[in-house]
Amino acid sequence: MTILTKDNFSIKQICESGQCFRLERLDGQRYSLVAFGKYLEIMQEGNQLSFDCEPEEFESLWRDYFDWEEDYGKIISAIDKEDAYLLGAASYGSGIRILRQDLWEMIVSFIVSQQNNIRRIRKCISLLCQRYGEEKTAVSGKRYYDFPDAKALAGASLEDLYACNLGYRSRYIRETAVSIAEGAVDLEAVRQMDYEAAKAELMKLCGVGIKVAECICLFALHKTEAFPVDTHINKVLAMQYPKGFPFDRYKGYEGALQQYIFYFDLMNG
């Protein structure tokens with residue numbers, strides 16, 4: 001067990017923020033997460049967090065995953081004091097952090113996310129993992145499924161993918177998996193690219209448009225200048241920022257502000 005305290009960290013808000021689909025509430029303030037082949041349970045009381053792992057595992061994996069070193073309080077304090085909407089959104093979602101997730105998993109997850117809602121996305125991802133991922137056993141004895149690799153999904157039939165409730169996205173996922181498995185797009189190379197180059201390379205994949213590419217860049221590559229625009233964000237921009245969002249003021253952490261806006265509108269829109 002690893003017990004730590006952290007301000008501006010809410011596992012509940014991170015779970016609900018639409019960036020991670022294998023982080024789930026178990027009961028009360030207890031959550032489970034599967035990432036990078038590992039199973040983790042997290043409990044939170046106030047700003048105290050209990051991670052069901054040894055300190056060595058937390059340091060080697062989860063500290064980076066949860067963007068532990070970033071000062072989100074500093075980001076919030078830099079918001080224009082005259083921007084009442086953004087101040088309110090950031091205050092409401094102040095526990096959200098930009099996770100550093102697996103690139104391949106985020107490619108599939110955000111292809112699945114198109115024209116979809118969070119509950120259905122979770123179900124689709126769960127079915128994919130159960131059918132094509134490796135079954136593993138945690139130290140606690142909990143059995144879980146790793147995220148399937150590109151080769152596994154490239155070998156799936158369209159009919160079987162449709163059975164995972166993926167609909168028209170089935171073809172996108174299979175073709176993208178084939179592209180990755182055969183090396184048409186090199187994910188190791190993408191990891192080394194700057195934001196614009198990575199976004200352009202990701203958009204070569206079937207079913208990956210600009211919004212999906214920006215989500216992948218933000219939630220996998222930690223390109224925090226990314227600001228994905230969906231229906232929630234579009235609505236807010238039109239209502240609150242008719243003259244344009246002040247991107248120049250917030251260079252380098254636009255992605256965190258996007259998450260505050262998205263979460264606030266998702267929960268209250």
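**Exercise 1. Work out how much of the contact set in this predicted model comes from residues 24 or more positions apart.**

Solution. Start with the contacts whose separation is 6 or more. Within that set, pairs 24 or more positions apart make up 66%.

**Exercise 2. Decide how the protein's radius of gyration compares with the globule rule.**

Solution. First, take stock of the elements: the protein has 14 helices and seven strands. Next, take the radius of gyration, which is 18 Å. The globule rule gives 18 Å for 269 residues, so the protein is as compact as a globular protein of that length. For the outline, picture the C-alpha atoms filling a box of roughly 55 × 45 × 35 Å along the principal axes.

**Exercise 3. Describe the inside and the surface of the protein.**

Solution. Inside first: 52% of the 269 residues count as buried. Now the surface: about 12500 Å² is exposed, and 48% of that comes from carbon and sulfur atoms. Last, the charges: there are 32 positive and 40 negative ones, and their mean positions sit 5 Å apart.

**Exercise 4. Place Ser17 in the fold, say whether it is buried or exposed, and find its partners.**

Solution. Step one: look in the loop between helix 1 (11-16) and strand 2 (23-27), and there's Ser17. Step two: its relative accessibility is 0%, and buried means under 20%, so Ser17 counts as buried. Step three: leaving out residues up to four places away in sequence, Ser17 touches Ile96, Gln259, Phe262 and Tyr263. Step four: check the polar atoms. The side chain of Ser17 makes a polar contact of 3.3 Å with the side chain of Gln259. A polar atom of the Ser17 side chain also lies 2.8 Å from the backbone oxygen of Ile14.

How values were computed. Residues are numbered from 1 along each chain as its sequence is written. This is a predicted model: local features need pLDDT of at least 70, side-chain atom pairs count only at pLDDT 80 or more; totals for chains, interfaces and linings use all residues. Side-chain values use heavy atoms; hydrogens and water are left out. Helices (H or I, at least four residues) and strands (E, at least two) are DSSP runs, numbered from the N terminus. The radius of gyration is taken over C-alpha atoms; the globule rule is 2.2 Å times the number of residues to the power 0.38. Buried means under 20% relative accessible area, exposed over 50%, partly exposed in between (1.4 Å probe, protein chains only). Contact means heavy atoms within 4.5 Å. Accessible areas come from the Shrake-Rupley method with a 1.4 Å probe; for residues, only the protein chains shown count as cover. Lys and Arg count as positive and Asp and Glu as negative; His and the chain ends are not counted. The place of a charge is taken as NZ of Lys, CZ of Arg, CG of Asp or CD of Glu. A polar contact is a pair of N or O atoms within 3.5 Å; within protein, one must be able to donate a hydrogen and the other to accept it, and residues adjacent in sequence count only if both atoms are side-chain atoms.
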